Amino acid sequence: MPPPPPPLQQTIYVGPFVFSKAPTELDICPYGAIGVTTTGTISFIDRDVPAELNNADGTRWKAEKGTEWEDARMLVAEEAEFFFPGFVDTHIHASQYPNAGIFGKSTLMDWLDTYTFPLEASFADLATARRVYARVVARTLAHGTTTAAYHATIHVAATNLLADICVERGQRALVGRVCMDTLSPEYYRDESVEAAVRDSRACIAHVRQLDPRGELVTPVITPRFAPSCTTPCLRALGELHRETGAWCQTHMSENVGEIAMVRELFPDSADYASVYDEAGLLTPKTILAHAVHLSEAERKLVERRKAKVSHCPASNTALTSGCARVRELWDAGITVGLGTDVSGGYSASVLEAARQAIMVSRHVAMTEGDGAKLSTEEVLYLATRGGAKVVGLEDKIGAFEVGMQWDAQLVGLGEVAKGEEGKIGESGPVDVFGWEQWEERVAKWLYNGDDRNTKTVWVKGRLVHYRPEMERRN
């Protein structure tokens, strides 16, 4: 078991902060302060902070907040920096990270056979698993992802290792061992229904022993998707879901060929959603990746069961699966977040997924009208508060409110100084000329930003990532 992290110091974060107040509204504070306790919890939010504090360390100002804050550390954002909630990736295959960007001209089913299954099978070797999992956790943190719903592989030891690494690095995660007992290579599948349940149970036990209160990692039952599981396997996993109370994550209605296969394999079920519902796997603790081609009846069933959807726009485009209609899902009352879906998706960046969500919505709008378009505000909501709702953490993360936990990133944009317009530094691809309003700065970051703009990342108040140039400030 990883050693416990060092104790936290009370900290006051000073500067601009931005978060989603509602799907269509960003709360932008040009200069404020957020006090975070030693448990990583937001204790106060002050929106009226003098830009010039009374003295260098803010002693007098801190004293006004109460004696318990007099010795608090202060971290002050510099010009063109702002605090933003950490991203929530509601669907990512940690084991597939080495294949990110490699899919050729394939579509879903041949992509699995050509690229995915051989790579995942290699995780029987723990050295391979450690190398990949350590990197994907580091990479996602560098992109500002403070919470991730990870699909691992069928291997118990490797799946447990992923949970260990998440705790060690301080990333929140749902970690799931993949289950499949059919329609996969003989060399890479569960040997029986009993084996799928036994091994899933072992991973659930490990994660709960590792983090008994579920403060960082929680287990998630993970049938790959209906075609790769027999009816007895799905039903056994549904019973395990009911018995243990663990979350469930899977795929649904990603690709028209996949949907046709489900119809053929499960002829007694009305549709794809019903396959999961009849197995006891469509519940308020179910995350459904994709949901690109849901019928009206399926949308109603998903909403009735309060299951959640992970929208994966980059993957759906890369594998030519289709364009999910987020507005349609929202209008049906379904909770939606964003997923990178590495490695069907080419990038582990939720920021990239957010801008791809905008682009996919515009492609839908070209044939179905402007009502389908998603705004900057809406996709940033999907990336934070929406994702938090998908993974059941909406009371803890996704925004900056008193009582929530400090899962946050410090975003830095590049100032274009007069006389130095021809110099390109290390500040990333977002150029700020000084005349932009805060709404415009945020939009520039959304459309142009990358991990170079993610200067520092915290989870539950703990520093989990920072760029080299931030060494002196952390």
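This tour visits the enclosed spaces of the structure and then some places where its helices meet.

**Before you start**

You are looking at a predicted model, in which local features need pLDDT of at least 70 and side-chain atom pairs count only at pLDDT 80 or more, while totals for chains, interfaces and linings use all residues. Residues are numbered from 1 along each chain as its sequence is written, and side-chain values use heavy atoms, with hydrogens and water left out.

**Stop 1: the largest cavity**

Rolling a probe the size of a water molecule over the atoms shows where empty space is left. Here, a cavity is a set of points on a 1 Å grid over the protein atoms alone where a 1.4 Å probe fits but cannot get out. The structure holds 3 cavities of 30 Å³ or more; a volume is the space filled by probe spheres set on the points, with grid points joined across faces, edges and corners.

Select His93, Gln96, Leu108, Trp111, Leu112, Arg224, Phe225, His251, Glu254 and Asp341, which line the largest cavity (lining residues have an atom within 4 Å of a point). The space inside is about 100 Å³. Now colour helix α2 (residues 108-121): the largest share of this lining, 3 residues, comes from there. Helices (H or I, at least four residues) and strands (E, at least two) are DSSP runs, numbered from the N terminus. Colour by class next, and you will find 4 nonpolar, 3 polar and 3 charged residues in this lining. Ala, Val, Leu, Ile, Met, Phe, Trp, Tyr, Cys and Pro count as nonpolar, Asp, Glu, Lys and Arg as charged, and the others, Gly among them, as polar.

**Stop 2: the second largest cavity**

Move on to β8 (172-176), α5 (193-210) and β10 (217-223), each of which supplies at least two residues of the lining of the second largest cavity. β10 gives the most, with 4 residues. The lining includes Val175, Arg177, Cys203 and Val220, and the cavity has about 50 Å³ of space. By class, this lining has 6 nonpolar, 3 polar and 1 charged residues.

**Stop 3: α4 beside α5**

Keep α5 selected and add helix α4 (residues 156-169): their axes come within 10 Å and cross at roughly 20 degrees. Axes are lines fitted to C-alpha atoms, for helices over the stretch in contact, and angles run from 0 to 180 degrees between N-to-C directions. That angle makes α4 roughly parallel to α5 (angles under 35 degrees count as roughly parallel, over 145 as roughly antiparallel, 65 to 115 as roughly perpendicular and the rest as oblique).

To see the contact (heavy atoms within 4.5 Å), show Val156, Thr159, Asn160, Ala163, Asp164 and Val167 in α4 with Asp199, Ala202, Cys203, His206, Val207 and Leu210 in α5. This contact has 7 nonpolar, 3 polar and 2 charged residues.

**Stop 4: α12 and its two partners**

Finally, select helix α12 (residues 350-368) and helix α14 (residues 438-448), whose axes come within 7 Å and cross at roughly 90 degrees. The two are therefore roughly perpendicular to each other. On the α12 side, look for Leu351, Ala354, Arg355, Ile358, Met359 and Arg362; on the α14 side, for Trp445, Leu446, Tyr447 and Asn448. Their contact divides into 7 nonpolar, 1 polar and 2 charged residues.

Now add helix α13 (residues 376-390), whose axis comes within 9 Å of that of α12 and crosses at roughly 140 degrees. That makes α12 oblique to α13. Val350, Ala354, Ala357 and Ile358 in α12 meet Thr376, Val379 and Ala383 in α13. By class, you will see 6 nonpolar, 1 polar and no charged residues in this contact.

Terms used. 1 Å grid on protein atoms, 1.4 Å probe; cavity = no way out; pocket = protein on both sides within 12 Å on 5 of 7 lines; lining within 4 Å.
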